[in-house]
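Here are my notes on the model you sent over. I have kept them as numbered points so you can follow along in your viewer.

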Amino acid sequence: MKWIEEIKVQIDQTEAYNFENILQQLFKDIQENADCEGLSKAAYYHDPGISGFYMIHIFWHVKSSKEQWSRLGLRLTQILKEFGWVTHSVWIESKCVVPKD
């Protein structure tokens, strides 16, 4: 089963630089301590038009899952709540289309 956790964060624009540094450290920790079975990829994005808007995607590929959220996603959500407004959702892949070459 493939699924994605999506964490959206909105912070004060004046804190964007500091927040980028925090995200970089969190992602370094994820990479160094990747004890998350089934973790395929984690990435964060920023809104190019509005400073202070970020989105994190955590990609999972597991045989099955009884959990709605991962411990990693919940941990990141708790940490990021200190900096602003946060939403956390889960999306299970229903169908995937890959374009032909």
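**Notes on the fold**

1. Start with a pair in the sheet: I7 sits opposite H88, a residue of β4. The strands behind this pair are β1, which covers residues 2–11, and β4, and nine bridges hold the antiparallel match together. Keep in mind throughout that this is a predicted model.

2. Now zoom out. The chain has two helices and four strands, and going along the sequence you meet them as β-α-β-β-α-β. The C-alpha atoms fit a box of roughly 40 × 35 × 25 Å along the principal axes.

3. How are the four strands ordered in the sheet? They run β2-β3-β1-β4 in an open sheet with antiparallel pairing. That leaves β2 (39–46) and β4 (84–92) as the edge strands, each with pairing on one side only. Ignoring direction, neighbouring strands are turned by 15° against each other on average.

4. The other side of β1 belongs to β3: nine bridges link β1 and β3, again antiparallel. If you want a residue to click on here, take Q10, whose bridge partner in β3 is F53.

5. β3 also pairs with β2, through seven bridges and in antiparallel fashion. A43 facing H57 of β3 is a handy marker for this pairing. The two strands make a hairpin with six residues between them, and in its turn G52 has a positive phi of about 100°.

6. Y45 is worth a look while you are in this region, as it is part of strand β2. Leaving out residues up to four places away in sequence, Y45 touches F53, Y54, M55, H57 and F59. Take H57 from that list: it is twelve residues from Y45 along the chain, and the two C-alpha atoms are 8.3 Å apart.

7. Is Y45 buried or exposed, or something in between? Its relative accessibility is 35%, so Y45 counts as partly exposed. The reasoning is simply that buried needs a value under 20% and exposed a value over 50%.

8. Helix α1 (residues 16–32) lies across three strands, namely β1, β2 and β3 (53–61). Its direction makes an angle of about 175° with β2.

9. Before α1 comes a loop from β1, and Q13 is in it. Q13 is classed as exposed because its relative accessible area is 52%, and the cut-off for that class is over 50%. Even so, Q13 has contacts with I50 and S51, not counting residues up to four places away in sequence. Compare its position with W3: the two are ten residues apart along the chain, and their C-alpha atoms are separated by 31 Å.

10. Some whole-chain numbers to finish. Of 101 residues, 28% count as buried. Among contacts with a separation of 6 or more, 68% are between residues 24 or more positions apart. The accessible surface is about 7400 Å², with 52% of it belonging to carbon and sulfur atoms.

11. One last point, on charge. The chain carries 11 positive and 14 negative charges, and the mean positions of the two sets lie 10 Å apart.

Definitions and conventions. Residues numbered from 1 in each chain as written. Predicted model: local features only at pLDDT ≥ 70, side-chain atom pairs only at ≥ 80, totals over all residues. Heavy atoms only, no water. Buried < 20%, exposed > 50% of the residue type's maximum accessible area, 1.4 Å probe, protein only. Contact = heavy atoms within 4.5 Å. Areas by Shrake-Rupley, 256 points an atom, 1.4 Å probe, with all protein chains shown as cover. Lys, Arg positive; Asp, Glu negative; His and termini not counted. Charge placed at Lys NZ, Arg CZ, Asp CG, Glu CD. Pairing = 2+ DSSP bridges. Axes fitted to C-alpha atoms, helices over the stretch in contact; angles between N-to-C directions.
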